[in-house]
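Reader: I should like a close look at a single part of this model, the nonpolar core, together with the features that border on it. Please take me through that part in one connected account.

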Amino acid sequence: MKHTTFNQAFIKIFTLITLCFTAFGFTTKFGLDSYEIYLNNKLILKQSVNQPLSLRVLQLSKANDNDQLRINYKHCTVKGAGTSRSIAIKDEKGNTLKKFEFANTTGSDSNMTISVKDLLQLEKNNFNHELSIHYTSRELPKGEMLASLHFK
């Protein structure tokens, strides 16, 4: 009788293990998108998309017209840069003030570069509005807010 009980428990455990291997063996590997933002060559923001939005603030008070903002967005699903990439500067209502389009890249340089002069001009023309940077691509069509911009 003990032998029968052991066999039933063994069969149940074996069935459970087999079901787990079957269920989890065919799932895709999930990861996190991440991005880095540089002012010239200095890293000023490094984020994974699951971190709180309140931490995503770019202080550009010391930036000048000759500076460059470089954004490097890495998708977890394609292990690098996306395709049909763009950066939009939006106000607090979600209105797009300016959109920057970037070519697809196959090399290691996946940076998207924006002139700080353009950002300062947008801030000057929209001084009563809160501006933010948004990224979209074919892999992320709904987009992702990367950071708020602060110039003061």
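Author: A nonpolar core is here a set of buried Ala, Val, Leu, Ile, Met, Phe, Trp, Tyr and Cys residues joined through side-chain atoms within 4.5 Å. Buried means under 20% relative accessible area. The model examined is a predicted one.

The setting comes first. The protein chain contains two helices and nine strands, and their order along the sequence is α-β-β-β-β-β-β-β-α-β-β. Of its 152 residues, 34% count as buried. Among contacts between residues at least 6 apart in sequence, 62% join residues at least 24 apart. In soluble globular proteins, nonpolar side chains tend to be buried together.

The largest nonpolar core has 27 residues, and those touching the most other members are Leu58, Leu60, Ile87, Ile89, Ile133, Leu146 and Leu149. At least two residues of this core come from each of β1 (34–39), β4 (68–74), β5 (85–90), β6 (96–102), β7 (112–115), α2 (116–125), β8 (131–136) and β9 (144–150).

Leu58 deserves individual attention. This leucine lies in strand β3, which spans residues 57–59. With a relative accessible area of 1%, Leu58 is buried, because that value is under 20%. Residues up to four places away in sequence aside, Leu58 touches Ile37, Ile44, Leu45, Leu69, Ile133, Ala147, Ser148, Leu149 and His150. Two of these partners, Ile133 and Leu149, are also listed with Leu58 among the core residues that touch the most other members. For Ile37, the separation from Leu58 is 21 residues in sequence, and the C-alpha to C-alpha distance is 8.9 Å.

Leu131 offers a second viewpoint. It is found in strand β8, and its relative accessible area is 4%, so Leu131 is buried. Neighbours within four places in sequence aside, Leu131 is in contact with Ile89, Lys90, Asp91, Leu97, Leu122, Glu123, Asn126, Ser148, Leu149 and Phe151. Among these, Ile89 and Leu149 belong to the core residues that touch the most other members. Leu131 and His150 stand 19 residues apart in sequence, with 7.8 Å between their C-alpha atoms.

Leu131 also leads to the largest pocket, whose lining comprises Glu123, Asn126, Phe127, Asn128, His129, Glu130, Leu131, Leu149, His150, Phe151 and Lys152. Several lining residues have already appeared: Glu123, Asn126, Leu149 and Phe151 are among the contacts of Leu131, while Leu149 and His150 are among those of Leu58. The pocket encloses about 180 Å³ of space. Its lining is made up of four nonpolar, four polar and three charged residues.

The aromatic residues add a further set of links between strands. A pair of aromatic rings is described by the distance of the centres and the angle of the planes. Two aromatic pairs are found in a search of the whole structure. In one of them, the rings of Tyr35 and Tyr73 have centres 5.8 Å apart and planes at 5°, so this pair is stacked. Tyr35 belongs to strand β1 and Tyr73 to strand β4, so the pair ties together parts 38 residues apart in sequence. Both tyrosines, Tyr35 and Tyr73, are buried. The other pair joins Tyr73 to Tyr135: the ring centres are 4.1 Å apart and the planes lie at 15°, so this pair too is stacked. Here the link runs between distant parts of the chain, from Tyr73 in strand β4 to Tyr135 in strand β8, 62 residues apart. Tyr135 is buried, as is Tyr73. Through these ring pairs Tyr35, Tyr73 and Tyr135 are linked into a cluster.

Two loop residues complete the account, both with an unusual backbone angle. Most residues other than glycine have a negative phi, and most peptide bonds are trans. Asn40, however, is not a glycine and has a positive phi of about 60°. This asparagine is found in the loop between β1 and β2 (42–48), and a relative accessible area of 32% makes Asn40 partly exposed. Ser84, likewise not a glycine, has a positive phi of about 50°. The loop between β4 and β5 holds Ser84, which counts as partly exposed at 37% relative accessibility. The strands named here, β1, β4 and β5, are among the elements that each supply at least two residues of the largest nonpolar core.

Technical notes: Residues are numbered from 1 along each chain as its sequence is written. This is a predicted model: local features need pLDDT of at least 70, side-chain atom pairs count only at pLDDT 80 or more; totals for chains, interfaces and linings use all residues. Side-chain values use heavy atoms; hydrogens and water are left out. On a 1 Å grid over the protein atoms alone, a cavity is a set of points where a 1.4 Å probe fits but cannot get out, and a pocket is an open set with protein on both sides within 12 Å along at least five of seven lines; lining residues have an atom within 4 Å of a point. Grid points are joined across faces, edges and corners, and a volume is the space filled by probe spheres set on the points. Ala, Val, Leu, Ile, Met, Phe, Trp, Tyr, Cys and Pro count as nonpolar, Asp, Glu, Lys and Arg as charged, and the others, Gly among them, as polar. Buried means under 20% relative accessible area, exposed over 50%, partly exposed in between (1.4 Å probe, protein chains only). Helices (H or I, at least four residues) and strands (E, at least two) are DSSP runs, numbered from the N terminus. Contact means heavy atoms within 4.5 Å. Rings of Phe, Tyr and Trp (its six-membered ring) pair if their centres lie within 6.5 Å; planes under 30 degrees apart count as stacked, over 60 as edge-to-face and the rest as tilted.
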